[in-house]
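Visitor: Got a minute to walk me through this one? I'd like to start with how the chains meet.

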Protein chains: 2
Amino acid sequence: MSSVKPPKRRRARLDRAAIVEAADGIIARAGPDALSLRTVAKELGATPMALYRHVPDKDALLVLVLNALYERLPRPRLPRDPRGRLIALWIHLHAGLARYPWVVDALLNSDTIAPAVLPDIEAILEASLAAGLTLEQAARLYRMVWQHTVGELAVQSATAARTTPQKSAVLRTMKSAPPQRFPLLAKAAPHWAAVRAKSLYRDGLVALIDAALTTRTCGRQHPRP
Amino acid sequence: MSSVKPPKRRRARLDRAAIVEAADGIIARAGPDALSLRTVAKELGATPMALYRHVPDKDALLVLVLNALYERLPRPRLPRDPRGRLIALWIHLHAGLARYPWVVDALLNSDTIAPAVLPDIEAILEASLAAGLTLEQAARLYRMVWQHTVGELAVQSATAARTTPQKSAVLRTMKSAPPQRFPLLAKAAPHWAAVRAKSLYRDGLVALIDAALTTRTCGRQHPRP
DNA sequence: ACCTGAACACCGTTCAAGT
DNA sequence: ACCTGAACACCGTTCAAGT
């Protein structure tokens, strides 16, 4: 019985899906700060360098993790009117990113898009055209709302990271500001804390969209079908 | 001649101002990525650890650098009407941060305020009240615009960091998207590049402010003196 | 083709010791 | 009071070598 070498090669121990899953697990259990190529490798019983066969670099890995999450997200019900659709789509996009807000840095650094969001971007452009914008205006509005989204995520996740909101340095600075020089700062301090609690994303979103869809002069309104 | 020890102690080699100045110099010459406690110490001919006598940690140092810059900034001329004042103040604040956009991370991480901006925040609140908002509405608007500002700075500085805008991964992804599934993405690609070039900060700012100052119903407008 | 080992060139920060 | 030296506990990534 001559042993013939099977043509199929030995399966690689690692592959992209396993790496992404391991990364996701580390984040879930130990938080985003615990994620490094070394910890992912250890989780898989491999060397850090083995990962580079399957993933370009760390930022790409983060985007892959986000992409996997976004694919699992249940699709939102979309209203029929373009304005409502636009709002719903961005809320959905924002909600997806809000689960992993620290990926935004990787997204910006690597200038990448998670492929899973492409359908939503297409839908956003489609809704913008349906609302009467030109493609250029739609691109403008997209970038504006994208910036708005990035900002909300950055501020919100930084606020959330602080476990004890009581001893915020900002709030202390404002409260301890000399009232004769800064009368309003001191008075506003309690409102600050209250405003921090709830998200302002939707309100800002609606303001930006409505400003783009309606002309500045209040009388002339953009025609809706 | 008996030598009497002078009561004044030997001056410390380091002080906060020197450290901030050295850090500023490194950033100016070699960029923000070159800044570390080690490089600052080397610049001053000292050990990294010597810095900790004068500055709490790295984030605090970054905020101090921003603060020094902000103090050097020429004051803007402020319009008399509250809305115009609000816009001018935020444009000024944004312009200051836009010179050192990477400090925003440190600002958010450490939950700190650069003291030099306190007068502007006070002025923003004052203008908001003059425009007819309550203090709570003013705080809300402040946070909303702050998020908007953070987002614009993050996106803009990431875009600026890319030396060759031609080979942006995002633009490549959009151009190479299958046109039958994503017809608008492909068509929008050229507009994307164009929109990236110019800042949308002012437009977004005005939209957010106007939404806060006017009621949503177009008829009733906020009274202006 | 896939993976390992060792190294490079760094980080911020702590601690104990010096003057 | 101010500063140093050595170390801790890490990073992402490159390179040459193994199977």
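**Interface and pocket**

Guide: Sure. This is a predicted model. Across the interface of chain A and chain B, the rule finds four salt bridges.

Visitor: Which residue forms a salt bridge with Asp203(A)?

Guide: Arg140(B) does. The closest N and O atoms of Arg140(B) and Asp203(A) are 2.3 Å apart.

Visitor: And how many residue pairs are in polar contact between chain A and chain B?

Guide: The count is 16 residue pairs, both residues at pLDDT 80 or more.

Visitor: Which helices of chain A supply at least two residues of the side that touches chain B?

Guide: H5 (103-110), H6 (118-130), H7 (135-161), H8 (169-175), H9 (183-197) and H10 (201-213) of chain A. H7(A) gives the most, with 18 residues.

Visitor: What's that side of chain A made of, by class?

Guide: The side of chain A that touches chain B has 32 nonpolar, 13 polar and 16 charged residues.

Visitor: How much area do chain A and chain B bury between them?

Guide: About 5700 Å², with 70% of it on carbon and sulfur atoms. The contact takes 61 residues from chain A and 61 residues from chain B.

Visitor: New topic. How much space lies in the largest pocket?

Guide: About 1500 Å³. The largest pocket is lined by 44 residues.

Visitor: Which of them lie nearest its centre?

Guide: Asp105(A), Asn109(A), Trp102(B), Asp105(B) and Asn109(B).

Visitor: What supplies the largest share of that lining?

Guide: H7(A), with seven residues. Each of these also supplies at least two residues of the lining: H3 (58-72) and H5 of chain A, and H4 (58-72), H6 (103-110) and H8 (135-161) of chain B.

Visitor: How do the lining residues divide by class?

Guide: The lining of the largest pocket has 29 nonpolar, five polar and ten charged residues.

Visitor: Back to salt bridges. How many does the structure hold over all chains?

Guide: The structure holds 14 over all chains. One of the salt bridges joins the side chains of Arg85(A) and Glu126(A), at 2.8 Å, N to O.

Visitor: What does that pair tie together?

Guide: Arg85(A) lies in H4 (residues 82-99) of chain A and Glu126(A) in H6 of chain A, so the pair ties together parts that are 41 residues apart in sequence.

Terms used
Residues numbered from 1 in each chain as written. Chains lettered and ligands numbered in written order. Heavy atoms only, no water. Contact = heavy atoms within 4.5 Å. Buried area = accessible area lost by both parts, 1.4 Å probe. Polar contact = N/O pair within 3.5 Å; in protein donor to acceptor, adjacent residues only side chain to side chain. Helix = DSSP H or I, 4+ residues; strand = E, 2+ residues; numbered from the N terminus. Nonpolar A, V, L, I, M, F, W, Y, C, P; charged D, E, K, R; others polar. 1 Å grid on protein atoms, 1.4 Å probe; cavity = no way out; pocket = protein on both sides within 12 Å on 5 of 7 lines; lining within 4 Å. Points joined across faces, edges and corners; volume = space filled by probe spheres on them.
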